[in-house]
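Got the viewer open? Let's walk through this structure one selection at a time, starting with a pair of strands and moving outward from there.

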Amino acid sequence: MANVFENRIVRPVRIVTGQITFDGLLNISLGARTLDELNLTARAFLILSNPVLQAGTWDLAEGPMVINKSSILYLIEIPDLGATLGRGAEEPELRRFGRAAIRLWLRDCAIEGYVHTGPGNSSLLRLNQVTHPFIALQSATVKGPGTDFSAPFLAVNRGHIVAAQEMFSVSAVLEEVAAGPGDVSS
């Protein structure tokens, strides 16, 4: 759950690298998204407050730490520090936005989720947008050795994607409004 402090948002996140996994509080600008902070190229490191080691070994001292963005495989927004992640039954709203279901392979895990696509755009071509190192997936699932969970939002570092495949695509449908029998005005 994100909290607002002095025009900043503090969001609990889990950061997964190749060797270690941390939970911590990511401090981002009010009105910004986690993805915006990850794709901000002016800063090579993320600042993580209250870091907690979730997997791997490292002698972690008290206080904030920084993590090199290029070492991040993926980042998950979590409900609270130390949250246990499992499988959910969350399905995205496919009619409002153009989306594509995509499967990504990173080192030793597979990630599936929905990526937004614009009119006539391909999800696979979006992977070539090098100006943004991270790509957002909604309703994502992650499967790998010792890992099997789903998350409403997951940001994947494009630099660690080994292969990708689009599973299917849905074009945006404009909402149609029709007057029903009770909608007639006199």
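Start by selecting strand 2 and strand 6 (residues 72-77), which pair in the antiparallel sense over five bridges. Two strands count as paired if DSSP finds at least two bridges between them, and helices (H or I, at least four residues) and strands (E, at least two) are DSSP runs, numbered from the N terminus. Pick R14 and you'll find that its bridge partner in strand 6 is I76.

Before going on, some ground rules. This is a predicted model, in which local features need pLDDT of at least 70 and side-chain atom pairs count only at pLDDT 80 or more, while totals for chains, interfaces and linings use all residues. Residues are numbered from 1 along each chain as its sequence is written, and side-chain values use heavy atoms, with hydrogens and water left out.

**Stop 1: strand 2 and its other partner**

Keep strand 2 (residues 8-17) selected and show the surroundings. Nine of its 10 residues are buried, so the strand is largely enclosed by the rest of the structure. Buried here means under 20% relative accessible area, exposed means over 50%, and partly exposed is in between (1.4 Å probe, protein chains only).

Now add strand 3 (residues 21-29), which pairs with strand 2 in the antiparallel sense over nine bridges. The two form a hairpin, with three residues between them. To see one facing pair, pick V10 in the viewer: N27 in strand 3 stands opposite.

**Stop 2: T17**

Next, select T17, which also has its place in strand 2. Is T17 buried or exposed? With 10% relative accessibility, T17 counts as buried. Its side chain reaches the backbone oxygen of I20 at 2.7 Å. Show what surrounds T17: leaving aside neighbours within four places in sequence, it is in contact (heavy atoms within 4.5 Å) with S71, I72 and L73.

**Stop 3: the aromatic pairs**

How many aromatic pairs does the structure hold? There are two. Select F22 and W58 for one of them: the ring centres are 5.8 Å apart and the planes stand at 80°, so this pair is edge-to-face. Rings of Phe, Tyr and Trp (its six-membered ring) pair if their centres lie within 6.5 Å; planes under 30 degrees apart count as stacked, over 60 as edge-to-face and the rest as tilted. F22 sits in strand 3 and W58 in the loop between strand 4 (45-55) and strand 5 (65-68), so the pair ties together parts that are 36 residues apart in sequence. F22 is buried at 1% relative accessibility, whereas W58 is partly exposed, with a relative accessible area of 48%.

Then select Y74 and F149, a tilted aromatic pair with 6.4 Å from centre to centre and 40° between the planes. This pair links distant parts of the chain, with Y74 in strand 6 and F149 in strand 10 (residues 147-157), 75 residues apart. Both Y74 and F149 are buried.

**Stop 4: strand 5 and its faces**

Show the side chains of strand 5. Which ones point to which face? M65 and I67 point to one face and are buried, while V66 and N68 point to the other and are not. In a regular strand the side chains alternate between the two faces of the sheet. Bring in strand 4, which pairs with strand 5 in the antiparallel sense over four bridges. Here L46 stands opposite I67.

**Stop 5: T131**

Go to the loop between helix 2 (123-126) and strand 9 (134-144), where T131 is found. T131 is exposed, with a relative accessible area of 55%. Not counting residues up to four places away in sequence, T131 touches N39 and T41. T41 is 90 residues away along the chain, and the C-alpha atoms of T131 and T41 are separated by 8.2 Å.

**Last stop: the whole chain**

Zoom out and colour by secondary structure: the chain has two helices and 11 strands, following the pattern β-β-β-α-β-β-β-β-β-α-β-β-β along the sequence. Buried residues make up 38% of the 186 residues.

Finally, colour by pLDDT, the predictor's confidence in each residue, from 0 to 100. The chain's mean is 79, and 76% of its residues reach 70 or more. Select residues 172-186 to finish: pLDDT stays under 50 there, and the model has eight contacts beyond four places in sequence for this stretch.

Technical notes
Polar contact = N/O pair within 3.5 Å; in protein donor to acceptor, adjacent residues only side chain to side chain.
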